[in-house]
Amino acid sequence: MSTSLQQGTRIHPRFLELGSLLLIAPLCVVGAIIGVQLIVTLGITANTSLIGALAGMVLARIPLRAFIRYRSIHVQNLAQSAISAATFGAGNALMLPIGIPFVLGRPDLVPALFAGVFLAMLLDGYLLYRMFDSDVFPATAAWPPGAAAAEAISAGDEGGRKAVVLGVGVVVGIAGNWLIAPGVMSAFGVAFIGNTWALTMFGIGLLLRGYSSLLFGSFFPGGDIAKAYVPHGMMVGAGIVALIQVAFIILRRGSTRTDASSATRSVAEVRRSLGLGSAIYVLIAAVIAILGGLIAQLSIGMLIAFLIYAAFAALVHELIVGLAAMHSGWFPAFAVALITLVIGMLIGFPPVALALLVGFSAATGPAFADMGYDLKAGFMLRGYGSDPAFERDGRRQQLFAAMFAFVIAGIVVLIAYPGLFAQNLVAPVDRVFVATIKAGASADVAWSLVMWAIPGAIIQFLGGPRRQLGILLATGLLIPFPLAGWAVLAGVACRTLWERFAKAEGMEVFGAGVIAGDALFAFFTSTWKAAFR
């Protein structure tokens, strides 16, 4: 990357400068529209961060004085941060949750839930900003999509051998997406960046889920471990142990970090952030309960239980999603929200409360993970924390860009959802949530969750907080995508050979290129499909 841009100027480009806003504001609108359209047509949300970076790179090549500022890798980073926040915010954090009461037949609850999930989205991103580069969410962790964005921006700025290696990776990613399936090459590329142990467990989980009917046909009805709530129980157990591990970290008096050059967050700051988040989540749950009319429907005891459980579930949801995203680049937001729903059903909340509960839970996590990706990209581009003041300033500007993007996402969703609902267009997973609510939970479900929580807890404990083996295994078990499992394990094998014979030189750049190529191809093809479906 350009050393002069990083070290020569100690003041990070301002988000609120006119030149930055002229690039970022239109990108946020486009990103939000893409997020909404994709989530209701295909049920996915593409990673648009590289689109923002490319927009800055293209403008920087225009030979006019007004476009010189876009040559800055830090301005390009602000652009990628903003468009990705707008896309994930509009699609995953807003449009998806508000579709749940609509499918349930209670469109009158949509405004109440929208108010709650919008506030939760803002808090979600802010909490990751407060905890990034701590012992819980270290900046030195993989955060693969963020690493891919940083390497793409850096290669565009530097050129040379890095650009060639990145370009080869991009070609491999595009070819794999085209010849095999979307998402497969991202799984392959992640293996060159993330923790090998964690990703191996992730790959094993993907394969076990993908071939469950073949492997477990005689043990479970139809061989589907998901219908037996095996992945969900594993995640419950792994999640409980992960929370205990996080608690041990934040209760320490000092930090165990040794990379003192990085602008770290202390455990005391993480402790305060979690306390603040817990309190505000309770307040947001109260807002949803009041606006949603739960005060008149629930007894005092059940209302208090709803407030406490909703806040706890939201906080746990974002932590689990954040841990999975940090190590693998995948976050099982829908599946973890379903776990929240099933446990809420076992507690005994009525259908309306459950719809609001799962919507609130589903809104937390995506913005949290995306903020981690964006701050990882900035951390790499700013020199891995070598200039702490510059690093802190850069993170702050990225936070401003993300919050601006979230507001734009909220406006776009408010304008778009009435027309989409009139056409009966909602995120497909919303129908799964409502079908689950209507089906109800039983003692068999509770027993399955408890039974399978035990091995999940044991695996998470044995792996420790650095590897997150239980969380990553459960994440794989929750995703029916066996090709990705083969891709992850193939990537791990290639990484091992690369490290042995090439001393890992260029390995992460290649992996980032593969992820970038897969993401770009998937973005353009999915956008095309959504536009002409």
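Start with what covers helix α15: in this predicted model, select α15 and then bring up its surroundings, which include α11 (230-251), α14 (300-328), α16 (351-363), α17 (366-381), α19 (428-439) and α20 (443-467), since these are among the elements that cover the buried residues of α15. The helix itself covers residues 333-347, and because 11 of its 15 residues are buried, α15 is largely enclosed by the rest of the structure. If you want to colour the buried positions, pick A333, A335, V336, A337, L338, I339, T340, L341, V342, G344 and M345.

While α15 is still selected, place a distance label between the C-alpha atoms at its two ends, which are 21 Å apart; at 1.5 Å a residue, a helix of 15 residues should span 21 Å, so the two values agree. Then step just past the end of α15 to G348, a residue that takes a positive phi of about 110°.

**Two residues with an unusual backbone angle**

Most residues other than glycine have a negative phi, and the next two stops depart from that pattern. Select W143, which is not a glycine and yet has a positive phi of about 40°, and notice that W143 sits in the loop between α5 (110-131) and α6. Is W143 buried or exposed? With a relative accessibility of 0%, W143 counts as buried.

Now move to Q468, which also is not a glycine and has a positive phi of about 55°. Q468 belongs to the loop that lies between α20 and α21 (469-477), and its relative accessible area of 2% makes Q468 buried.

**A residue inside helix α6**

Return to α6, which runs over residues 144-158, and select A149 within this helix. A149 has a relative accessible area of 1% and is therefore buried, since buried means under 20%. Which residues does A149 touch, leaving aside those up to four places away in sequence? They are S49, L50, Q80 and A377. For a sense of scale, select L22 as well: A149 and L22 are 127 residues apart along the chain, and their C-alpha atoms are separated by 21 Å.

**Salt bridges**

A search of the whole structure finds nine salt bridges, and three of them are worth showing as sticks, one after another.

Begin with E391 and R382, whose side chains meet in a salt bridge with an N to O distance of 2.9 Å; both E391 and R382 are buried.

Go next to helix α18 (residues 388-422), where D393 and R396 lie three residues apart, about one turn of the helix. D393 and R396 form a salt bridge in which the closest N and O atoms are 3.3 Å apart. The two partners differ in their surroundings, as D393 is buried with a relative accessible area of 12%, whereas R396 is partly exposed with a relative accessible area of 34%.

The third pair is in helix α22, where R495 and E499 are four residues apart and so are separated by about one helical turn. An α-helix has 3.6 residues a turn, so residues three or four places apart point the same way. The side chains of R495 and E499 meet in a salt bridge at 3.3 Å, N to O. Here R495 counts as buried at 11% relative accessibility, while E499 counts as partly exposed at 36%. To widen the view beyond single pairs, select D133, R382, E391 and R395 together, which are joined into one network by salt bridges that share partners.

**Cysteines**

How many disulfides does a search of the whole structure find? The search finds zero. A disulfide is a covalent bond between the sulfur atoms of two cysteines. Two cysteines to look at are C28, which counts as buried at 0% relative accessibility, and C494, which is partly exposed with a relative accessible area of 34%.

**A nonpolar patch on the surface**

For the last stop, switch to a surface display and select W178, L179, I180, Y211, L214, L215, L483 and W486, which make a nonpolar surface patch of about 940 Å². The elements that give two or more residues to this patch are α7 (160-179), α10 (212-216) and α22 (482-502). Finish on W486, which is found in helix α22 and is partly exposed, with a relative accessible area of 48%.

Definitions and conventions. Residues numbered from 1 in each chain as written. Predicted model: local features only at pLDDT ≥ 70, side-chain atom pairs only at ≥ 80, totals over all residues. Heavy atoms only, no water. Patch = residues over 30% accessible without salt bridge, like charges linked within 9 Å, V, L, I, M, F, W, Y side chains within 5 Å. Areas by Shrake-Rupley, 256 points an atom, 1.4 Å probe, with all protein chains shown as cover. Salt bridge = Lys/Arg side-chain N within 4 Å of Asp/Glu carboxyl O. Buried < 20%, exposed > 50% of the residue type's maximum accessible area, 1.4 Å probe, protein only. Expected span 1.5 Å × (residues − 1). Contact = heavy atoms within 4.5 Å. Disulfide = S-S within 2.5 Å.
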